[in-house]
Amino acid sequence: MAISALRRRVDALPSQPFFTHYGQQARIELSAVTFANWVDKTANMLEDLGVDAGETVQLDLARSHPGHWVTMVWVAACWQRGCTVSMEEDPAAVLVVAGPEAVPDGRLTVACSLHPLGVGFASAPEGCTDYAEVLSQPDDHVAEPYDPDAVALAPDITFHMLRVVPPRAERLLVTDPMPGWKSVQELLVAPLLGGGSTVVVIDSDPDTVEGVRQQERVDLG
């Protein structure tokens, strides 16, 4: 499944680019080992917050910022913890993860500043845990056991289905990805399974996108 593929990627190509994000006038490139380190820390944060394997995390980030590297880290960390990711309002979710616009509804909520370097808020939204607290978490986390038939991404993408996503070995550029399973599949799962990499460009004009394409030597998706 995707998390096992991430471990294989770290073993085989630890320093090669895996996920590159252009946004907020900044370029952030994460190698496989750096991405996996963020995933491990975030999975440990989930454990510290009391989120158990099999429970659901409402990932509002996947709707508001579907192409952000932090969103992909949270998706992978939830799966590593054995949790279900919901991109929609889900009253059964035990945790809500949102961006800087977070407005807690009484449930446990993590707010992500989305600072290019992972820096936290000067003052986190009231009632929210600052995602920057993840930086104090241990760097290692062992993937939780999971049921292949359990839901990885609500409503109906199972952990088994992650394993049969067509792999992608190429480096691909995607502009302003839309929320949903298709983006998670294209940006995260396919390159993990196939050894490829992803470049995401947000809110840019065609000339800027073409400049990025040439600089990154990447195909435009």
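The exercises below deal with the cores, voids, one buried arginine and some backbone features of a predicted model.

**Exercise 1. Describe the largest nonpolar core and state which helix gives the most to it.**

Solution.
- Step 1. The largest nonpolar core holds 56 residues. Those with the most contacts inside it are Phe35, Trp74, Trp79, Val97, Cys112, Tyr131 and Leu188.
- Step 2. Helix H4, residues 69-80, gives the most to this core, namely 10 residues.
- Step 3. Apart from this core lies another one, of seven residues, including Tyr22, Val199, Val201 and Val209.
- Step 4. For background, nonpolar side chains tend to be buried together in soluble globular proteins.

**Exercise 2. List the contacts of Tyr131, leaving aside neighbours within four places in sequence.**

Solution.
- Step 1. Tyr131 is among the residues with the most contacts inside the largest core.
- Step 2. With those neighbours left aside, Tyr131 is in contact with Trp38, Thr42, Met45, Val70, Val73, Trp74, Val110, Ala111 and Cys112.
- Step 3. Two of these, Trp74 and Cys112, also appear with Tyr131 among the core residues with the most contacts.

**Exercise 3. Find the cavities of 30 Å³ or more and give the lining of each by class.**

Solution.
- Step 1. The count comes to two cavities of 30 Å³ or more.
- Step 2. The largest cavity has a volume of about 60 Å³. Its lining consists of Trp38, Trp69, Val70, Ser113, Leu114, His115, Gly118, Val119, Asp130, Tyr131 and Ala132.
- Step 3. By class, that lining has seven nonpolar, three polar and one charged residues.
- Step 4. The second largest cavity has about 40 Å³ of space. Around it are His21, Gly23, Gln24, Ile28, His68, Trp69, Leu114 and Pro116.
- Step 5. The lining of the second largest cavity divides into four nonpolar, four polar and no charged residues.

**Exercise 4. Characterise the largest pocket by volume and lining.**

Solution.
- Step 1. The space in the largest pocket is about 190 Å³.
- Step 2. Of its 13 lining residues, His21, Ser64, His65, His68 and Ile202 are the closest to the pocket centre.
- Step 3. The classes in this lining are four nonpolar, seven polar and two charged residues.
- Step 4. His21 and His68 also line the second largest cavity.

**Exercise 5. Is Arg171 buried or exposed, and with which side chains does the side chain of Arg171 make polar contacts?**

Solution.
- Step 1. Arg171 is placed in strand S10, residues 171-175.
- Step 2. The relative accessibility of Arg171 is 18%, and the cut-off for buried is under 20%, so Arg171 counts as buried.
- Step 3. Its side chain makes a polar contact with the side chain of Ser197 at 2.9 Å, and another with the side chain of Glu216 at 2.6 Å.
- Step 4. Not counting residues up to four places away in sequence, Arg171 touches Pro17, Thr20, Glu29, Ser197, Val199, Glu216, Val218 and Asp219.

**Exercise 6. Locate the cis peptide bond and place Asp176 and Asp203, giving phi for each aspartate.**

Solution.
- Step 1. The cis bond joins Ala154 and Pro155, with omega about 10°. Pro155 is in the loop between strand S8 (151-153) and strand S9 (157-158).
- Step 2. Asp176, not a glycine, has a positive phi near 45°. Its loop lies between S10 and helix H6 (181-194), and its relative accessible area of 36% makes Asp176 partly exposed.
- Step 3. Asp203 also has a positive phi, about 50°. Asp203 sits in the loop between strand S11 (197-201) and helix H7 (206-216). At 70% relative accessible area, Asp203 is exposed.

Note on methods: Residues are numbered from 1 along each chain as its sequence is written. This is a predicted model: local features need pLDDT of at least 70, side-chain atom pairs count only at pLDDT 80 or more; totals for chains, interfaces and linings use all residues. Side-chain values use heavy atoms; hydrogens and water are left out. On a 1 Å grid over the protein atoms alone, a cavity is a set of points where a 1.4 Å probe fits but cannot get out, and a pocket is an open set with protein on both sides within 12 Å along at least five of seven lines; lining residues have an atom within 4 Å of a point. Grid points are joined across faces, edges and corners, and a volume is the space filled by probe spheres set on the points. Ala, Val, Leu, Ile, Met, Phe, Trp, Tyr, Cys and Pro count as nonpolar, Asp, Glu, Lys and Arg as charged, and the others, Gly among them, as polar. A nonpolar core is a set of buried Ala, Val, Leu, Ile, Met, Phe, Trp, Tyr and Cys residues joined through side-chain atoms within 4.5 Å. Buried means under 20% relative accessible area, exposed over 50%, partly exposed in between (1.4 Å probe, protein chains only). Helices (H or I, at least four residues) and strands (E, at least two) are DSSP runs, numbered from the N terminus. Contact means heavy atoms within 4.5 Å. A polar contact is a pair of N or O atoms within 3.5 Å; within protein, one must be able to donate a hydrogen and the other to accept it, and residues adjacent in sequence count only if both atoms are side-chain atoms.
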